[in-house]
Structure formats: C-alpha cells, structure tokens
Amino acid sequence: MSRFSDFRVQTPVKTQPSLLPPVDWTSIGAKAPTPVNVQYNGPKAPLPKAEVVMITWTDAEWSAMDHVFLHGSVQGESESTTLIHKWLQYSRSAPGGSSEGGQLWGYYQLVDIHGKNGDHRVLLLKSDAHLAHPPWISGLENMVKVVIADAQPKQIYSIGTAGGASVSQRLGDVAITNAGTLQLAISDNKSSGLSGKTFTSNWFPDLSLLPKVESLYFPLSRIATQAGLEAVLASAKRSKQKEAEALAPFSLSDLLNSAIDPANLGAPKAISFQNTPLLTTDTYYIAPADTKYAALEMDDAVLNYAAGQAHTNFISVRNISDTLVPAETPAHKPIPPGAREAWSSAVYDAYGMFTSYNGAIAAWATIAAS
C-alpha cells in the first residue's frame, strides 16, 4: 500500500477501537470539535454550508481525520461500524463508477471547531477523486467546483500524507503551504496544459497555536523503533509485490537515514512553508535527494488551481508519511527504483495513519487560532 494505491475504499475502515491515542484537548485548554447533525437527503443532495471544507483521500488519512475530529476524546468503545457506513455519501453531479471503484465523490461529516474568536463550521470530506486515477484532473477539478458551489466555504484545506522533500523532514512532521507545482506525466492530465505551473493562494492561516499543540502530536519514535523498522522491512521483503525482489539484498542500515532514524523521531514539528510550493505529481514520486519543495503529494496543486478559479482560499497541511529514500547505501551501492518504492510503501503502510494524526491536529490548530 502507498499514497498512490490507498485512495479508494477497499476494506472496512473502523471508527473504534482506534490504535491512535485519545486527544487530550483539556491539556491545552481546548474543547473537542462538536459533531453537527445533518439532515441527510441522500448522496445526490447538496452539501451543507460550511466556513471550511477539509478534504483528505486515503484510508489512513480518513481514519485519522475521523479520530481527531469526531471520536478522539473517547477511547475504549467497542463500536466497529465502518466509516463507509458512519459517514454520509456524496456524489452530486459525479461521474459514474469505473473499474477502480464506485461512483465519485466521497463521504462527509460536519463539525464545529471552537476557536479563540468563536465557532467555525467545518465540512470533513473523504474524496474518492484523485489526480492519478480516472477521471484524472478533470474529475478533481469538477469535484472542487461542485463542493464550493454547495458548501460555499471561505477556505479549502487539503490534509493528509505526503512524501518527504528533504532529509530534514522526518517521519511524522507536518508541512503547511499555500502553493503547489504540477508535474504531470499521464496523457489525460498533460492535455490540461497545467503541467509545470505553480498555483499560490494569497491567504495563509494563523499558526500561533502550533507550539501549543506539539504536546498532542504522536512521536513516531514510539513505534518506528529499530526493532519496529526491522519488522517492517522483513514484512516488505516477504510481500508478493514485484518490488519486493528488488528490496531483498538491502538491510535496514542500507536504507536508514536521518529522516527515519528512530533517534530523530521523538518530537514531531509542524513547519510553515508559506509561498514554497509542494510538488503534485500524477505518478508515485519519491525524492532521492533534497528538493526545493515543501512536500511531495498527488492532488493539492490541482485543488489550489481549482479553488483559485472559484476565488476561494486554499491551504495544504501535509504530514510526512514516507520519508526521502536514499538513492544509494552508505557504502555507495545504488538502490534501484523498485527497492526504493517498496521501502517507501512499506513505511507508509506501517505509519501513515499515525503521521496523519499529527497532520489533523495541526490542521485543527490553524482553524482554532482564528
């Protein structure tokens, strides 16, 4: 599983019990978000109005979003209702199903976030539209257009997993940016004429609460220990994926760098990259060395572009779920692309939900600060 493949509901995504820790809102003098009842009239009905629309994609991200914004202050329930049954389906004006899944657009819930200057109504949306899958860029653009027309938000947030753009970005860190550059390889996307372009929102959120919420972040050092990483690597080598063969000759010491060294994972940070673009690709891209970008992901520059067309502010809050993978070992033995992809995917699969918890907390802080 990776950021590329974990995009449509494949297996039940559970609400409770969660592997994630309860969110101790009182420890920072805050109130948990309050769920808002929705008069639901079916998937073809318009979305409710909201000040903010917060979008995420993968099952790992969805689980973390549900935990932080809906269930995180309650732990130990035995409820096993899946998110696909718990959340409300939305498919107004969406294209029909394809071989890759059911009808777009996705699933939503509504919450109030209690901020310093009042409440903010936030629509949480798990999107099934993705730049790297049919109907490609046009589907993603149309989804944003319909969502904005329905919800009429002031801001659109994209939150969720991302690849590290430099070795200084550690597993569990969060990158916050208002800009994105598109790099397109799929012909259906390249025909848009948007490849190579950068899109920047003029708005940037208030980050004043970020230091306060650092105590809530999940330190990946708890689970990405030396033994934990060894187990992840061993499992990846046993995988039936074709890339597993390429990974076989490499040990953990060959793949380890400072971005995923357990010694560096005890204090995750959310970092401002205002006006520094992330890189949005329609293929699974893993940086072999430091880049100039805020993070690496697969949707946000398109959302930024589409939001701009609708005169709506946009922000990305992306958690580092799979770190930069070196192109060679410390002994200068080349690590082939297949091995690098297999390791990146294994790290995402093991830790993506935990890193997404940090991203959701950071996103909450930027809304609650206003």
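The legends below describe close-up views of a predicted model.

**Figure 1. Overall fold of the predicted protein.**
The protein has 370 residues. Its secondary structure comes to 10 helices and 13 strands. The C-alpha trace spans about 60 × 50 × 40 Å along the principal axes. The radius of gyration is 19 Å, which agrees with the value near 21 Å for a compact globule with 370 residues. Of the 370 residues, 58% count as buried. Take the contacts between residues at least 6 apart in sequence: 79% of them join residues at least 24 apart. The accessible surface comes to about 14300 Å². Carbon and sulfur atoms account for 50% of that surface.

**Figure 2. The aromatic pair W62 and Y107.**
A search of the whole structure finds eight aromatic pairs. In one of them, the ring centres of W62 and Y107 lie 5.5 Å apart. Their planes meet at 25 degrees, so the pair is stacked; the cut-off for stacking is under 30 degrees. The pair links distant parts of the chain. W62 belongs to helix 1 (residues 59-71), and Y107 to strand 4 (residues 106-115). The two residues are 45 residues apart. Both W62 and Y107 are buried.

**Figure 3. F218 with F354 and R222.**
F218 and F354 form a tilted aromatic pair. The distance is 5.1 Å centre to centre, with 35 degrees between the planes. F218 lies in the loop between helix 5 (210-213) and helix 6 (226-238), and F354 lies in helix 10, so the pair ties together parts that are 136 residues apart in sequence. F218 and F354 are both buried. F218 also has a charged partner: the charged end of R222 sits over its ring, 5.1 Å from the centre.

**Figure 4. Other ring arrangements.**
Y40, Y90 and Y108 are linked into a cluster by ring pairs. Elsewhere, the charged end of K333 sits over the ring of F250. The distance from that charged end to the ring centre is 4.8 Å.

**Figure 5. W343 in the largest nonpolar core.**
The largest nonpolar core holds 73 residues. M54, W343 and W364 touch the most other members. Helix 10 supplies the largest share of this core, 18 residues. Leaving aside residues up to four places away in sequence, W343 touches L229, V232, L233, L247, L252, L255, I260 and V325. A second, separate core has 37 residues, including L47, L184, F199 and A301.

**Figure 6. S344 in helix 10.**
S344 lies in helix 10 (residues 337-368). S344 has a relative accessible area of 1%, so it is buried; the cut-off is under 20%. Beyond residues up to four places away in sequence, S344 touches Y284, I286, D322 and V325. V325 is also among the contacts of W343.

**Figure 7. Helix 9 and the residue H311.**
Helix 9 (residues 300-309) is largely enclosed by the rest of the structure, because eight of its 10 residues are buried. The buried residues are D300, A301, V302, L303, N304, Y305, A306 and A307. Of these, A301 is also included in the second nonpolar core. Just after helix 9, H311 takes a positive phi of about 60 degrees.

Definitions and conventions
Residues are numbered from 1 along each chain as its sequence is written. This is a predicted model: local features need pLDDT of at least 70, side-chain atom pairs count only at pLDDT 80 or more; totals for chains, interfaces and linings use all residues. Side-chain values use heavy atoms; hydrogens and water are left out. Helices (H or I, at least four residues) and strands (E, at least two) are DSSP runs, numbered from the N terminus. Buried means under 20% relative accessible area, exposed over 50%, partly exposed in between (1.4 Å probe, protein chains only). Contact means heavy atoms within 4.5 Å. Rings of Phe, Tyr and Trp (its six-membered ring) pair if their centres lie within 6.5 Å; planes under 30 degrees apart count as stacked, over 60 as edge-to-face and the rest as tilted. A charge sits over a ring if NZ of Lys or CZ of Arg is within 6 Å of the ring centre and within 35 degrees of the ring normal. A nonpolar core is a set of buried Ala, Val, Leu, Ile, Met, Phe, Trp, Tyr and Cys residues joined through side-chain atoms within 4.5 Å. The radius of gyration is taken over C-alpha atoms; the globule rule is 2.2 Å times the number of residues to the power 0.38. Accessible areas come from the Shrake-Rupley method with a 1.4 Å probe; for residues, only the protein chains shown count as cover.
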